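The following note sets out numbered comments for a student who is reading this structure for the first time. Please keep the sequence and the model in view while working through the points.

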Amino acid sequence: RMGLVDKVVPFEYLLAQSVDVLKKCGEKNYQRPKGLRKKLSAQDRILESSSYGKNFMFNKAEEMLIEKTRGHYPATSRVIQIMKEGMALDLDGGLALEAASLGEMAVTDECKNLISVFYLLEKLKKEPTFAGVSLYEPIEKAATLGAGVMGGGIAQLFANMDVPVVMKDINNNALGHGLKSAAAIFGENLKKRIIDQREFDLKMDNISTTLDYDKLKNVDVVIEAVVEKMEVKKAVLAECEPFLKKESVFATNTSSLSITEIASAAKNPEMVVGMHFFNPVHKMPLVEVIRGEKTSDEATATIVALTRKLGKTPVVVKDKEGFLVNRLLMPYLNEAVLMLEEGGAIEEVDKALLDFGMPMGCFILLDEIGLDIGWHVAKVLEGAFGERMEPAGLMKKVLDSGRLGKKNFKGYYCYTKGKRSVADKSVQSLVDQNAEKHLSSDEIVERCIYLMINEAALCLEEKVVEKSEYVDAGMV
């Protein structure tokens with residue numbers, strides 16, 4: 001933007017492009033880039049030059065920050081304060097103010113906890129192998145089965161890391177949607193100038209499509225992302241396996257279905273492993289790697305390494321209903337629906353959880369996940385754990401009323417032009433009209449959060465994960 005750089009190019013073209021720029025410099029009419037920085041408008045000049053304008057900007061910045069952080073990150077507010085006060089000081093005074101503030105912020109609980117989270121996530125990203133086991137072979141070519149939102153998103157991850165990927169589905173229309181999903185993600189990066197048009201084209205060229213399994217003969221890994229139904233996943237595995245190399249790993253993307261049962265359809269069940277991505281795939285950093293009863297150490301190690309290669313954080317979990325995240329998440333979400341049944345209000349519950357520090361409220365999250373998916377996972381957990389995991393009846397009533405959440409813009413919230421607005425008051429009509437209960441913020445938080453903590457303890461007892469830090473990393 002400032003014009004300090006003439007051109008930005010991929011490394012492999014640096015020498016040729018540099019020579020090209022130097023040649024142009026010798027031409028009479030050559031002008032170096034002047035930069036993209038726009039001149040300040042009259043309004044901006046007034047804001048930046050007057051004390052009134054500066055105060056207005058700082059107050060507005062503070063408002064926006066509080067709206068986003070809800071006051072949970074004190075250092076961010078302190079930064080604005082330092083900027084405001086530092087403008088009236090000389091360099092030494094400004095540095096002294098920064099040093100004093102750093103000393104205060106460095107000993108807060110927030111700072112210590114964020115440092116712990118940083119080290120925890122770095123550790124999970126950098127562990128070289130799984131349980132000291134070597135891989136079958138590096139992943140140089142991949143395939144995805146199913147070209148829906150998840151399949152397209154997973155294909156985009158491979159393409160972004162320059163790993164050729166074949167996307168397979170049963171018709172061209174579905175494949176078109178998969179390519180569109182991948183292109184939309186690369187399009188966001190293009191719009192933000194993270195990549196240029198040439199890089200966009202090269203990345204998309206890493207994705208090929210097919211309607212049959214024959215093109216999967218040379219792939220090192222297949223990630224299945226078809227509909228979340230056991231019989232469909234088993235059928236797809238049985239159809240696909242004869243076309244794969246013996247060393248190819250078959251990874252199934254499922255949120256709750258048993259990997260052991262899916263693998264029962266395979267002749268080589270030791271090569272079948274769970275690889276649970278979260279939606280949206282390109283943004284969510286966690287991948288649960290699930291071992292079935294017969295999954296080999298080598299197949300698990302291969303998928304752990306692949307997860308890291310794709311820029312994600314792997315957590316290895318036992319093949320138990322709900323795995324880790326959904327096992328902890330569903331009781332939390334279900335409790336919110338139970339409170340709504342008792343006469344609580346959607347926005348009241350979500351506000352209490354946001355104020356507590358959750359990134360989004362329960363009902364916002366249910367809409368994001370999809371009410372059909374939420375109900376499916378809830379029933380799987382009820383089947384496994386009985387009455388303790390019985391889903392709220394209202395959850396099914398809301399689903400049966402035609403609401404799927406964000407995917408059809410009808411859920412616990414209303415949506416205007418695709419964006420969430422206010423809570424949908426008509427959901428209240430599905431609640432017993434005699435139910436009316438005011439819930440305190442503390443009660444809402446304790447009922448939801450304590451259930452997650454209890455479930456985390458049970459997961460550790462059952463060795464769903466090996467260490468408590470894996471629970472922390474997964475839930476963060």
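1. A nonpolar core is a set of buried Ala, Val, Leu, Ile, Met, Phe, Trp, Tyr and Cys residues joined through side-chain atoms within 4.5 Å. With that term in hand, the first comment concerns the status of the coordinates: this is a predicted model, and every value below should be read accordingly.

2. Overall composition. The protein has 476 residues, of which 42% count as buried. Its secondary structure consists of 19 helices and ten strands. Along the principal axes, the C-alpha atoms occupy a box of roughly 70 × 70 × 45 Å. Among contacts with a separation of 6 or more, 70% join residues that are 24 or more positions apart.

3. Surface and charge. The accessible surface amounts to about 26300 Å², and carbon and sulfur atoms contribute 56% of it. The protein carries 63 positive and 70 negative charges, and the mean positions of these two groups lie 7 Å apart.

4. The largest nonpolar core. Which residues touch the most other members of the largest nonpolar core? They are Y332, F363 and Y412, in a core of 41 residues. At least two residues of this core come from each of helix 13, helix 14 (346-356), helix 15 (362-369), helix 16 (371-385), helix 17 (393-400), strand 9 (413-416) and helix 18 (441-461). Helix 13 gives the most, namely eight residues. Beyond its neighbours up to four places away in sequence, Y332 touches L353, M358, M360, C362, C448, I449 and M452. A second core, separate from this one, has 37 residues, including L145, V236, F323 and C459. As general background, nonpolar side chains tend to be buried together in soluble globular proteins.

5. Helix 13. This helix covers residues 325-341, and its 17 residues reach 25 Å from the first C-alpha to the last, close to the 24 Å expected at 1.5 Å a residue. Helix 13 is mostly covered, with 15 of its 17 residues buried. Just after the helix, G343 adopts a positive phi of about 115°.

6. Helix 6. Does the span of helix 6 (residues 109-126) agree or disagree with its number of residues? Its 18 residues should span 26 Å at 1.5 Å a residue, and the end C-alpha atoms are 26 Å apart, so the two agree. L120, E122 and L124 are buried in this helix. The cover over its buried residues includes helix 12 (297-309), strand 8 (313-318) and helix 19 (468-475).

7. E122, a charged residue of helix 6. The student may ask why E122 is called buried. Its relative accessible area is 18%, and buried means under 20%, so E122 falls within the class. In space, E122 and K396 are 40 Å apart, C-alpha to C-alpha, with their positions 274 residues apart in sequence.

8. K233, in helix 10. Is K233 buried or exposed? K233 belongs to helix 10 (residues 230-240) and counts as buried because its relative accessibility is 0%. Leaving aside neighbours within four places in sequence, K233 is in contact with E224, V226, V227, E228, T252, N253, T254, L257 and I262. The C-alpha atoms of K233 and S441 are 43 Å apart, and the two residues are 208 residues apart in sequence.

9. Two phenylalanines with positive phi. F323 has a phi near 55°, a positive value in a residue other than glycine. F323 sits in the loop between strand 8 and helix 13, and it is buried, with a relative accessible area of 0%. F409 is not a glycine either, yet its phi is positive at about 55°. F409 lies in the loop between helix 17 and strand 9, and at 44% relative accessibility it counts as partly exposed.

10. Two prolines in loops. The peptide bond from N279 to P280 is cis, with omega near 0°. P280 is in the loop between strand 6 (272-277) and strand 7 (286-291). P138 occupies the loop between helix 6 and strand 1 (142-145). Exposed means over 50% relative accessible area, so P138, at 53%, counts as exposed. The C-alpha atoms of P138 and V221 are separated by 9.6 Å, although the residues are 83 residues apart along the chain.

Technical notes. Residues are numbered from 1 along each chain as its sequence is written. This is a predicted model: local features need pLDDT of at least 70, side-chain atom pairs count only at pLDDT 80 or more; totals for chains, interfaces and linings use all residues. Side-chain values use heavy atoms; hydrogens and water are left out. Helices (H or I, at least four residues) and strands (E, at least two) are DSSP runs, numbered from the N terminus. Buried means under 20% relative accessible area, exposed over 50%, partly exposed in between (1.4 Å probe, protein chains only). Contact means heavy atoms within 4.5 Å. Accessible areas come from the Shrake-Rupley method with a 1.4 Å probe; for residues, only the protein chains shown count as cover. Lys and Arg count as positive and Asp and Glu as negative; His and the chain ends are not counted. The place of a charge is taken as NZ of Lys, CZ of Arg, CG of Asp or CD of Glu. The expected span of a helix is 1.5 Å times one less than its number of residues.
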